[in-house]
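Have a look at the chain below and turn it around a little. We'll go through it piece by piece, beginning with a pair of helices.

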Amino acid sequence: MYTTIKQVFYALVLTATLSFNLSAQTYADSAFVLKGDPLYKSEPEDLAIRAQIDASKYYRRYNAATVGTLVVSLVSPLLGLIPAIACSTTTPKFENLGYPDEKLFKKREYHYAYRKKARKIKAGRVWTYWGFGLGVNLAIVIAAAIR
């Protein structure tokens, strides 16, 4: 009886950990095409909207913050709160933004919206990895309690 419960528990934990790596396609990245004509244009006129779309596509340099948070959270979720809060409240550095067009990035509205969206992306990923560390610790505690 206990071995079956353990196997189901481990299968659920494995499924949950694998699902963290999946990402849904964003609405801004997709373009519907009907008879050769796009249903909407992927390059909107508003600079703020374009900046948010570009940040979703091109901002990928948040690995140091997420991996650091994950490692500390695996040791202790309470200690993991320190880098999670610190990393999620700081704006990404210029060299880590990965913006596609320097001419657009020099425009104030585009620059502000891109950095704001990049900060949201970074904060979301940091808290996801902290939650993953918390989940692993909870799984270890539950597995130890079942034994």
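## Helices α3 and α4

In this predicted model, helix α3 covers residues 63-75 and helix α4 covers residues 77-89. Their axes come within 7 Å of each other, and the crossing angle is roughly 165°. An angle over 145 degrees counts as roughly antiparallel, so that's the label α3 and α4 get. As for handedness, the crossing of α3 and α4 is right-handed.

Who does the touching here? On the α3 side you'll find A65, T69, V72 and S73. On the α4 side, P77, L79, G80, P83, A84 and C87 take part. Sort the residues of this contact by class and you get seven nonpolar, three polar and no charged.

## Helices α3 and α6

Helix α3 has another partner in helix α6, which runs over residues 108-146. This time the axes come within 8 Å and cross at roughly 20°. Angles under 35 degrees count as roughly parallel, and α3 and α6 are therefore roughly parallel to each other. The crossing of α3 and α6 is right-handed.

From α3, the residues that meet α6 are A65, T66, T69, L70, S73 and L74. Facing them in α6 are K122, R125, V126, Y129, W130, F132, G133, V136 and N137. By class, this contact holds eight nonpolar, five polar and two charged residues.

If you compare the two lists, A65, T69 and S73 turn up in both: they are part of the contact with α4 and also part of the contact with α6.

## A salt bridge inside helix α2

How many salt bridges does the count come to? Just one. It links R50 and D54, whose closest N and O atoms are 3.9 Å apart. That fits under the cut-off, which asks for a side-chain nitrogen of Lys or Arg within 4 Å of a carboxyl oxygen of Asp or Glu.

Both ends of the bridge sit in helix α2, which spans residues 47-58. R50 and D54 are four residues apart, about one turn of the helix. The two ends differ in how they're covered: R50 has a relative accessible area of 25% and is partly exposed, while D54, at 7%, counts as buried.

## More residues of helix α2

Let's stay with D54 for a moment. Setting aside its neighbours within four places in sequence, D54 is in contact with Y59, P100, Y110 and Y114.

Is S56, another residue of helix α2, buried or exposed? Its relative accessible area is 19%, and buried means under 20%, so S56 counts as buried. Apart from neighbours within four places in sequence, S56 is in contact with K117 and I121.

Then there's Y58, also in helix α2. At 40% relative accessibility, Y58 counts as partly exposed. Leaving out residues up to four places away in sequence, Y58 touches L97, G98, P100 and Y114. Take G98: it is 40 residues from Y58 along the chain, yet the C-alpha atoms of the two are separated by 5.8 Å. P100 and Y114 may look familiar, as they are among the contacts of D54 too.

## A loop residue

Where does E95 lie? You'll find E95 in the loop between α4 and α5, the latter being residues 102-105. E95 has a relative accessibility of 53%. Since exposed means over 50%, E95 counts as exposed.

What about R61? E95 and R61 are 34 residues apart in sequence, and their C-alpha atoms are 9.0 Å apart in space.

## The whole chain

Now step back and take in the whole thing. The protein chain has six helices and two strands. Reading along the sequence, you meet them in the pattern α-β-β-α-α-α-α-α.

Of the 147 residues in the protein chain, 28% count as buried. D54 and S56 are among the buried residues we've come across. As for contacts between residues at least 6 apart in sequence, 71% of them join residues at least 24 apart.

Methods:
Residues numbered from 1 in each chain as written. Predicted model: local features only at pLDDT ≥ 70, side-chain atom pairs only at ≥ 80, totals over all residues. Heavy atoms only, no water. Buried < 20%, exposed > 50% of the residue type's maximum accessible area, 1.4 Å probe, protein only. Axes fitted to C-alpha atoms, helices over the stretch in contact; angles between N-to-C directions. Parallel < 35°, antiparallel > 145°, perpendicular 65-115°, else oblique. Left-handed = near helix turned anticlockwise from the far one by under 90°. Contact = heavy atoms within 4.5 Å. Nonpolar A, V, L, I, M, F, W, Y, C, P; charged D, E, K, R; others polar.
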